[in-house]
Amino acid sequence: MLNQKQFFALLGFAFVAAWIAFAFGYALLCLLGAGVFYGAAAVLEGDLDLGELQSRVRGDTAPDPLTPPPVAPPRRAPRVR
């Protein structure tokens with residue numbers, strides 16, 4: 001039995017395959033279409049959080065409210081000669 005993501009991936013593959021009329025050189029477009037539809041299904045099911053993905057790509061370092069702040073290492077006393 002197919003789950004929703006697999007069904008959407010199959011649907012995307014079939015759509016792109018029919019669109020390009022089964023030309024062998026464009027077989028990669030079928031895989032790309034399946035990936036896009038699989039990703040869309042993941043977003044619809046809540047398995048893929050686009051906000052989190054965007055912050056990872058941009059490199060945002062927003063602090064997690066549940067994580068305590070980092071502790072600075074202790075300072076060393078200056079040496080006296």
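## K5 and its surroundings

K5 sits in helix α1, which spans residues 4–19. The model is predicted. The relative accessibility of K5 is 15%, so K5 counts as buried. The cut-off for that label is under 20%.

What does the side chain of K5 make a polar contact with? The partner is the side chain of D47, at 3.0 Å. D47 is also among the residues that K5 touches once those up to four places away in sequence are set aside. The others on that list are Y38, A41, A42 and E45.

## The chain as a whole

The protein chain has 3 helices and 0 strands. Along the sequence, the pattern reads α-α-α. Helix α1, the home of K5, covers residues 4–19. Helix α3 covers residues 50–58.

How much of the protein chain is buried? Buried residues make up 14% of its 81 residues. K5, at 15% relative accessibility, counts as buried. The chain exposes about 7,400 Å². Carbon and sulfur atoms supply 66% of that area.

Contacts can also be sorted by separation along the sequence. Take those in the protein chain with a separation of 6 or more. Residues 24 or more positions apart account for 47% of them.

## An aromatic pair

How many aromatic pairs does a search of the whole structure find? It finds 1. The pair is formed by F7 and F8. Their arrangement is edge-to-face. The centres are 6.0 Å apart, and the planes meet at 80 degrees. Edge-to-face applies to planes over 60 degrees apart.

Are F7 and F8 buried, exposed or in between? F7 has 43% relative accessibility, so F7 counts as partly exposed. F8 has 21%, so F8 is partly exposed as well. Partly exposed is the label between under 20% and over 50%.

## A nonpolar patch on the surface

Five named residues form a nonpolar patch on the surface: V43, L48, L50, L53 and V57. Together they have about 420 Å² of accessible area.

Which helix gives the largest share of the nonpolar patch? Helix α3 does, with 3 residues. V57 has its place in helix α3. The relative accessibility of V57 is 69%, so V57 counts as exposed. The cut-off for exposed is over 50%. K5 in helix α1 carries the opposite label: K5 counts as buried, at 15%.

How values were computed:
Residues numbered from 1 in each chain as written. Predicted model: local features only at pLDDT ≥ 70, side-chain atom pairs only at ≥ 80, totals over all residues. Heavy atoms only, no water. Patch = residues over 30% accessible without salt bridge, like charges linked within 9 Å, V, L, I, M, F, W, Y side chains within 5 Å. Areas by Shrake-Rupley, 256 points an atom, 1.4 Å probe, with all protein chains shown as cover. Salt bridge = Lys/Arg side-chain N within 4 Å of Asp/Glu carboxyl O. Helix = DSSP H or I, 4+ residues; strand = E, 2+ residues; numbered from the N terminus. Buried < 20%, exposed > 50% of the residue type's maximum accessible area, 1.4 Å probe, protein only. Polar contact = N/O pair within 3.5 Å; in protein donor to acceptor, adjacent residues only side chain to side chain. Contact = heavy atoms within 4.5 Å. Phe/Tyr/Trp six-rings, centres within 6.5 Å; stacked < 30°, edge-to-face > 60°.
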